[in-house]
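Work through these exercises with the sequence and the structure open. Each task is followed by a worked solution.

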Amino acid sequence: MIGTMPNASALSRRAAYARTRLFNTRTNTALSLAAIVVGAALAFLLARFILFDANWALVAINRKLFFVGSYPPDEAFRIWIAVFLTALLASLSYGLWGGNLRSYAIAVGVAALLILTLGLGTELRIEERPYTEQIRSASGETTTISGIERELVFDRGWAPSWLYAISLGLALPFGAPWLLMAAVFALLVAGAMAGRRLTRWKTNPILLQSIGAAWVLLIPIVVLLQTGVGVDKWESAFLDLLVFAVGGLFSFVIGVLLALGRRSPYRAISIASITYIEVVRAAPLLVWLLFATFLEDELGPVGEAFSNISLAYRVTVVFAFFGGAYIAEVVRGGLQSIPRGQYEAADAIGLSPVQKYALIILPQAVRAVVPAIIGRFIALWKDTALLAAVSLVNTLEKAKKVLGGQTDIADGAFFEIYIIVGLVYWVVSYLLSRLGGAAETRLRVGAR
Amino acid sequence: MTTDSKREMVRLEKVTKRFGDFTALNGVDISVTEGEVVAIIGPSGSGKSTLLRTINQLEPHDEGRIFFDGVELTDDSRTLAKIRTETGMVFQQFNLFPHLTVLRNIALAPQKVRHLPEHEAEERALQLLDRVGITEQAEKYPGQLSGGQQQRVAIARALAMDPKLMMFDEPTSALDPEMINEVLKVMTELAASGMTMLCVTHEMGFARNAANRVIFMDEGEIVEIGTSADFFTNPREQRTKTFLDQILTH
């Protein structure tokens, strides 16, 4: 087998590395062994918790709350349309930009299989166990307490409970009818395949521009879809995603404008931009969010008009303007990296100032700072955790409510619940990070 | 003048340009007629590049008047657009757009400024690439090309707007020696085709053979103007003689 050769040599290279770097002296050997022991112990504890001790049934039954909160079930179609549009665009783009189709199809297939075999058939029930406990008081008397302990469990079939939990988790968070779920998975595969077929026209700028435009349009479409429900119904991960997506999109636009404004030859514009950036960055996001919450009391009639705007919209505006101040500085760095010759060449061939920036300067400046921009977006996404502080029910707040409101079955299940909260933040951050990596490799073509 | 019958393309009258306390151009007078090839030589810092850059207003002049194709350059945006679209400029550092393919580099301005349809702009771009001899590089990015190839693309980009005047700002100074000739060959062909050219250059061979006239500049002033034959064999000014001695002895 030709394929085994590099593997074998890679393995021996690793062994050699370990011998010469990790176990070459007594101290190093001791440190390495200690690290291995501690690492293995942590891994064991975590695995034991995840596989055996954790009560994932609690997470499974609350999955709807974690993802869309108390969104009215009759209006679920609004979220379904959003899911369908996003799935279609994402898979289309994945196929078009040359992602690995085979591993993608396998992942989607495994998810679909899990849902259809385990997730959608899974029942949950509450197990009741009577218990008695003897408590010895300080004075030496013993009292006996008895009661009923409730635990939410899967109606067990052949699979372990964590597998049921994953399957249910994949069945999307809002009591998904299996036909709709199957359609989403079918769309994910079909979209990627269609995207791959489109690669033959990949150099066609109209195709790329329309896909880019579709992504930008997706956000207002999803938001408009929600208007029938009322933004006070937005909760949990869904709220976080909307605030982040809308706030993030506008923060980019605002950031680019501020970065250009800062370098404007007109003193008034550049001073205004600098003042804005410095003022906004001088206070923590939390303070700005509190401003947006309480400003109405201080502004008289303006404040009254202001208070009619839903809080979710107000915090989104804060996210856009706060994020914009940071993106502006990142983009400014990109602009400074563009040599003067590029401006002169653009002038010399007769481009107008707008064309010069739109076609020559900004495309280069932005792609020079893609990693930093992605970093800002990831930070902005995680900042949605702060929404809890202004009485919006974000993922974190919802988790607290579950823990506080279901004490009979959720008593002490902090770990399970917060692992899921962490997972929500992690998944989106990871996707953003991957997106950034893909953008970097794509855009590196033609770098100096 | 023997070229009286021809149209005057560029005229500078007492043009002065200062950078702070430094006077880069000090009352320069020049007239260039259509079809003429003028080489501008002189020590570094003598104002050669600044001279070119005032003509297309990359550096607006402080005093004096500049006429291009009969129109005086003012800070009116229309005359600025005219000078920029009707002159081509080739830079020492090429200044190609690194994020665009060679073809897009050339087709961009005709498409965006002249509003040519994309296929037409790219067809013409391919013809220009053929003229500078690198059709096969059309889909590559500038960073994938050698310096000489990049400079030829830059010439094609400048030619794409059908300029009435081509300006070269030390086009071979950033090139490895073995690539200088491929660029000079393109420039010589261009000169032979009747293009009006202003070339700041250190290539005395090109100045002697391809140029009609040579301008020698020093300290922001024109020291001497002569036909290329006269200039090298019979320099009149002492400063010219010293400069030529310095660069021709080795």
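**Exercise 1.** Find the salt-bridge partner of Arg53(B) and give the closest N and O distance.

*Solution.* Start at Arg53(B): its partner is Glu344(A). The closest N and O atoms are 2.5 Å apart. A salt bridge here is a side-chain nitrogen of Lys or Arg within 4 Å of a carboxyl oxygen of Asp or Glu. The count between chain B and chain A is two salt bridges.

Before going on, note that this is a predicted model: local features need pLDDT of at least 70, side-chain atom pairs count only at pLDDT 80 or more, and totals for chains, interfaces and linings use all residues. Residues are numbered from 1 along each chain as its sequence is written, chains are lettered from A and ligands numbered from 1 in the order in which they are written, and side-chain values use heavy atoms, with hydrogens and water left out.

**Exercise 2.** Describe the contact between chain B and chain A.

*Solution.* Count residues: chain B gives 24 and chain A gives 22 (contact: heavy atoms within 4.5 Å). Next, take the area. About 1,800 Å² is buried between the two chains. Buried area is the accessible area (1.4 Å probe) that two parts lose on being put together, summed over both. Carbon and sulfur atoms give 63% of it. Last, look at chain B: Phe97(B), Pro98(B) and His99(B) lose the most area to chain A, together 30% of what that side buries.

**Exercise 3.** Is Ile338(A) buried or exposed?

*Solution.* First, place it: Ile338(A) sits in the loop between α14 and α15 (340–348) of chain A. Helices are DSSP runs of H or I, at least four residues; strands are runs of E, at least two; both are numbered from the N terminus. The relative accessible area of Ile338(A) is 8%, so Ile338(A) is buried. The cut-offs are under 20% for buried and over 50% for exposed, partly exposed in between (1.4 Å probe, protein chains only). Beyond four places in sequence, Ile338(A) contacts Tyr343(A), Ile361(A), Gln364(A) and Ala365(A).

**Exercise 4.** Give the strand order of the open sheet in chain B and name its edges.

*Solution.* The six strands run β6-β7-β8-β3-β9-β10, with mixed pairing. Strands pair if DSSP finds at least two bridges between them. The edges are β6 (87–90) and β10 (221–227) of chain B; each has a single partner strand, so one side of each lacks a neighbour in the sheet. Inside the order, β7 (residues 165–169) and β8 (residues 196–200) of chain B pair in the parallel sense over five bridges. There, Leu165(B) stands opposite Thr196(B).
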